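Colleague: I've got a two-chain model open and I'd like to learn how to read it properly. Can you walk me through it, feature by feature?

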Amino acid sequence: MLRFIYFSTGLFFLLTQVSFAEPYLAARTGHQCMACHVSPTGGGMRTDFGQIYGHSLASSGSETSAFSASLSDSIHMGGDFRGGLQNSRTPGEKNQSSFETKRANIYLHAQLLENLSFYVDQQLAPANENRTAWVKYQASNYYLRAGQFFIPYGIRLEDDTAFIRQITGINFATADNGIEIGWDNNNWSSQLALTNGTAGATENNEDKQLSLRLAYITSKWRLGSSVNYNKSPTATRDMFNIFAMASVWNMEWLIELDQIEDAEIQTTKRQLLFVEVNKEIIKGHNLKLTMEFDDPDIDIDEDERTRNSLVWEYFPVPQMQIRTGFRDGEGIPQKPEDNLNEIFMNLHAWF
Amino acid sequence: MKLTIKKIYTKLFLLPFFLLVACDAGTGEGLDQNGKPVNGNNNIPLSGQINSIQANIFTPSCATSGCHSGSAPAEGLLLTESNSFINLINVSSNEVPLLNRVEPGNVDDSYLIRKVEGTASVGLQMPRNRPALSAEKIQALRDWISNGALGPTLSSIQANIFNQRCISCHSGSNPPAGLNLEDGQSFSNLVNVQRLFNQPEIRVVASDANASFLIDKLENNNLGNSRGDQMPLNGPYLDQDTINVIRDWINAGALNN
């Protein structure tokens, strides 16, 4: 049934050809991540431009806020709140329904010198923990960043549970300690990071993680690729992906294809595919379809799983978003947890 | 119909959409509860034994890719087969170092229980971003810990592996390589015993499966020359799940239990 709904909705998009995250906003505007976010690879605190653009998304976009999070000309604060109601149904188990504070963060960004900045992203709820903390030196088109930061790899989706973010292990819960060099020039954007490879946990060996992300960006589309190599005393992981984002028929398309090779006691190859389509139906209302595919071991047949989502995002006023939707997971019947269905309504507020 | 460059370009972008709509989940035919081919040793019913907990809880719910598995496990905690035991028992937790992840015999002070029940003072309830474990699964964990958090026993390995696959050769008064794996003999022939010809390698190094020659022989690790062939000789060889049971027993101290 859900497949039919997706197909019908997709067909609707195709036939109507109406002209017309979150990475989809980057695809819509043609900007790089750093245009809207303080972090050069996206996520977390927004820049002044990002704040203003966020205002423009609202259905009542003319409404402005007198609130200012600037402590001085060179010290700024920011924050995000995400929470809501979630209902999960796993075959063979009782329904779970809960109100959740998914994430509440506070940011501090200080421009110490013209080229030197300091940034902290502290999660306050549901658990108090540091997400990222780094110092960045900017020189011409280059920058050098040191500290704990999100690893550059693929499309930086907000949804940590998306296959391409959860299974790769590179998401908003796995910032790592190390250094990163970035280079941005006209249409090119690249980052190379050397980190502990422990997802932020204490390092206990000399092995490291290397991650490289390269993208070519135009106003209408971008194409990129990432490679990641991470070795530990017990396992080695090689990952590779290609990704694309484009604005076509006033819809924003995000596509990422990943291959993961894990060498532990045995070696397995895994493949992931992610497609997301966004359409601004009317101002302040975005409809999002995501389709995900996971082949956990390409040498084993009939073990594949899928996850499809339909989400409506509403921006009633500046700096607030309401998201509601459902996700349909389908996997082999022997793994009930892969056949999880969810209905959710979330509130997202930021400054 | 005239096809313009723009139309071709836009239609190309629609291909992945329709491709994914056509993608189906696997039927699971011939696979066990962890998506691996059925080999006779899987589909273990839920109980308070480590093998069952690994198959029914750790592997499907914790050792998923990007979580407690691979080269960057969350909080440095690997919960994959052959790693979970040594990473849990009497190992202090990263989040609350005063508490061990699993304190044998002490359920309420085992940090693992606090994490899956959502009562830990730090961090999120596990499994992260997934529904909580069922009451039955949490009870299995509680039973395992309250009963001493034991690893696989030698007697179960003897009955299910050595007796079935090894003693047809490794028995009697003159067994191959001087290794007798019969009931009552296997422990004294394996644990902390040098392999034949006084080679420096130890057949089973208690608490260290990776250093145990027995594991090299079963997994075909750097064999050949003076180290001989993979066992059982000429196959069929043990599947990795079965070898992992032996690994768990060794990592748990290779007790004569």
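Colleague: Let's go straight to the helix crossing. Which hand does the crossing of α2(B) past α5(B) have?

Modeller: This is a predicted model, so keep that in mind throughout. In general, two packed helices are described by the angle between their axes and the distance between the axes. Here, α2(B) makes a left-handed crossing with α5(B). Helix α2 covers residues 50–62 of chain B and helix α5 residues 135–146, and they pack at about 150° with axes 10 Å apart.

Colleague: How are α2(B) and α5(B) oriented to each other, roughly parallel or roughly antiparallel?

Modeller: The cut-off for roughly antiparallel is over 145 degrees. At about 150°, α2(B) and α5(B) are therefore roughly antiparallel.

Colleague: Which residues make the contact between α2(B) and α5(B)?

Modeller: From α2(B) you have B:Ile50, B:Ser52, B:Ile53, B:Asn56 and B:Ile57, and from α5(B) there are B:Lys137, B:Ala140, B:Leu141 and B:Trp144. Sorted by class, that contact of α2(B) with α5(B) holds six nonpolar, two polar and one charged residues.

Colleague: Let's zoom out to the chain. How many helices and strands does chain B have?

Modeller: Nine helices and zero strands. Of its 257 residues, 41% count as buried. For contacts in chain B between residues at least 6 apart in sequence, 47% join residues at least 24 apart.

Colleague: And what are the domains of chain B?

Modeller: The domain assignment gives domain 1 as 50–146 and domain 2 as 154–251. Their C-alpha centres lie 30 Å apart. Six residues of domain 1 of chain B are in contact with seven of domain 2 of chain B. On the domain 1 side, α2 and α3 (84–88) of chain B each supply at least two residues. That side has three nonpolar, two polar and one charged residues.

Colleague: How many residues does each chain bring to the contact between chain B and chain A?

Modeller: Chain B brings 43 and chain A brings 61. The largest share of chain B's side is seven residues from α1(B). By class, chain B's side has 18 nonpolar, 21 polar and four charged residues.

Colleague: Now the backbone oddities. Where are the cis peptide bonds at B:Pro127 and B:Pro232?

Modeller: Look at omega for these. One cis bond joins B:Met126 and B:Pro127, with omega about 0°, and B:Pro127 sits in the loop between α4 (111–117) and α5 of chain B. Another joins B:Met231 and B:Pro232, with omega about -10°; B:Pro232 is in the loop between α8 (213–219) and α9 (240–251) of chain B.

Colleague: What about phi at A:Trp249 and B:Ala149?

Modeller: For phi, check the sign and whether the residue is a glycine. A:Trp249 is not a glycine, yet has a positive phi near 55°. A:Trp249 lies in the loop between β10 (236–248) and β11 (251–263) of chain A. B:Ala149, also no glycine, has a positive phi of about 50°, and lies in the loop between α5 and α6 (154–166) of chain B.

Colleague: Is A:Trp249 buried or exposed, and why?

Modeller: Buried, because 20 other C-beta atoms lie within 10 Å of A:Trp249, and 20 or more is the cut-off. B:Ala149 counts as buried too, with 24 C-beta neighbours inside 10 Å.

Colleague: And A:Ser98, buried or exposed?

Modeller: A:Ser98 is exposed, because it has 11 other C-beta atoms within 10 Å, and 12 or fewer is the cut-off for that. You'll find A:Ser98 in strand β2 (residues 96–111) of chain A.

Methods: Residues are numbered from 1 along each chain as its sequence is written. Chains are lettered from A and ligands numbered from 1 in the order in which they are written. This is a predicted model: local features need pLDDT of at least 70, side-chain atom pairs count only at pLDDT 80 or more; totals for chains, interfaces and linings use all residues. Axes are lines fitted to C-alpha atoms, for helices over the stretch in contact, and angles run from 0 to 180 degrees between N-to-C directions. Helices (H or I, at least four residues) and strands (E, at least two) are DSSP runs, numbered from the N terminus. Angles under 35 degrees count as roughly parallel, over 145 as roughly antiparallel, 65 to 115 as roughly perpendicular and the rest as oblique. A crossing is left-handed if the near helix is turned anticlockwise from the far one by less than a right angle, and right-handed if clockwise. Two residues are in contact if their C-beta atoms, placed from the backbone, lie within 7 Å. Ala, Val, Leu, Ile, Met, Phe, Trp, Tyr, Cys and Pro count as nonpolar, Asp, Glu, Lys and Arg as charged, and the others, Gly among them, as polar. Domain bounds come from an automatic or database domain assignment.
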